[in-house]
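Student: I am new to this structure and would like a close look at a single part of it, one helix and its surroundings. Could you set the scene for me and then walk me through that part?

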Amino acid sequence: MLTENRPLFSLSPSGIRYVCVSGHAQACMALYAADQAAYAGCVGLLSPPGAAAFMGVGWWHALMEGVAESATRGFMHVLDCDSSPAGALMALRCGQQAAILRQQNPQYETVRALYAQQNAALLPQRPPSFNLITPVSATSSLVGYFAHGYCQHQHPENNVPDTRQKKDCST
């Protein structure tokens, strides 16, 4: 299997580019775009927000196994469990090596300790990502993301409002 389902922070967080995907075609598109951009860093496939509850841990694992069978490069993946410690524990029991559980949850520290015992990573919030859940018409946007990092919150100096002029296409 080509997925690098290992603890996330053996690489620096800036070395991982995350893409939020909800299907096989989107995940393959993200990996293809990383190849097209000659991106040498780690690609992280991120589930939709709260996916453990409404799509299921089994769905995510089946999706990632299918992607791994057709992938030409390694990747890692993260399942968003939102505020469900039960979802995060089920994911860990199924072998998930990286998940998200909101830190505001009272059981967060207990679940984090269990993840640490399994050499897995539990993130307290979603990392910045390119969202492929909303349809993207061209792979070029993804290539640009991997080549130049278009995530607004990736670098503190980029955390400013977008003041570019928007073209009015309604006329």
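Tutor: Happy to! The protein chain has six helices and six strands, and along the sequence they come in the order β-α-β-α-α-β-α-β-α-β-β-α. Please keep in mind that this is a predicted model. Its mean pLDDT is 80, with 70% of the residues at 70 or more. Two stretches call for care: pLDDT stays under 50 over residues 1-12, and again over residues 152-171. The model has 36 contacts beyond four places in sequence for residues 1-12, and eight such contacts for residues 152-171. Where pLDDT is low, the predicted coordinates should not be read in detail.

A little more background will help. Of the 171 residues in the protein chain, 43% count as buried. If you take the contacts between residues at least 6 apart in sequence, 64% of them join residues at least 24 apart. The chain exposes about 9,300 Å², and 54% of that comes from carbon and sulfur atoms.

Now for the close look. Let us choose helix H4, which runs over residues 85-93. Its buried residues are Pro 85, Gly 87, Ala 88, Ala 91 and Leu 92. Seen down the axis of H4, these residues fall within an arc of 160 degrees, so they line one face of the helix. The general geometry helps here: an α-helix has 3.6 residues a turn, so residues three or four places apart point the same way. On the face of H4 turned away from the buried side you will find the exposed residues Ala 86 and Arg 93.

What covers the buried residues of H4? The cover includes helix H3 (57-70), strand E3 (76-80) and helix H5 (108-117). Just after H4 comes Gly 95, with a positive phi of about 100 degrees.

Two of those neighbours lead to further details. Residues 57-70 make up H3, and within that range you can find Trp 59 and Trp 60, which form an aromatic pair. A search of the whole structure finds one aromatic pair, and this tilted one has its ring centres 5.6 Å apart, with 45 degrees between the planes. Trp 59 counts as partly exposed because its relative accessibility is 26%, whereas Trp 60 is buried, with a relative accessible area of 0%.

From H5, follow the chain into the loop that leads to strand E5 (121-123), where Asn 119 lies. Asn 119 has a positive phi of about 55 degrees although it is not a glycine. Its relative accessible area is 55%, so Asn 119 is exposed.

For comparison, turn to helix H1. H1 covers residues 24-36, and its 13 residues reach 18 Å from the first C-alpha to the last, close to the 18 Å expected at 1.5 Å a residue. Buried in H1 are Gln 26, Ala 27, Ala 30, Leu 31, Ala 33 and Ala 34. They cover an arc of only 160 degrees around the axis, which puts them on the same side of H1. In the loop between H1 and strand E2 (42-46) sits Ala 38, which is not a glycine yet has a positive phi of about 55 degrees. Ala 38 is exposed, at a relative accessible area of 64%.

Technical notes:
Residues are numbered from 1 along each chain as its sequence is written. This is a predicted model: local features need pLDDT of at least 70, side-chain atom pairs count only at pLDDT 80 or more; totals for chains, interfaces and linings use all residues. Side-chain values use heavy atoms; hydrogens and water are left out. Rings of Phe, Tyr and Trp (its six-membered ring) pair if their centres lie within 6.5 Å; planes under 30 degrees apart count as stacked, over 60 as edge-to-face and the rest as tilted. Buried means under 20% relative accessible area, exposed over 50%, partly exposed in between (1.4 Å probe, protein chains only). Helices (H or I, at least four residues) and strands (E, at least two) are DSSP runs, numbered from the N terminus. The expected span of a helix is 1.5 Å times one less than its number of residues. The arc is that of the directions from the helix axis to the C-beta atoms. Contact means heavy atoms within 4.5 Å. Accessible areas come from the Shrake-Rupley method with a 1.4 Å probe; for residues, only the protein chains shown count as cover. pLDDT is the predictor's confidence in each residue, from 0 to 100.
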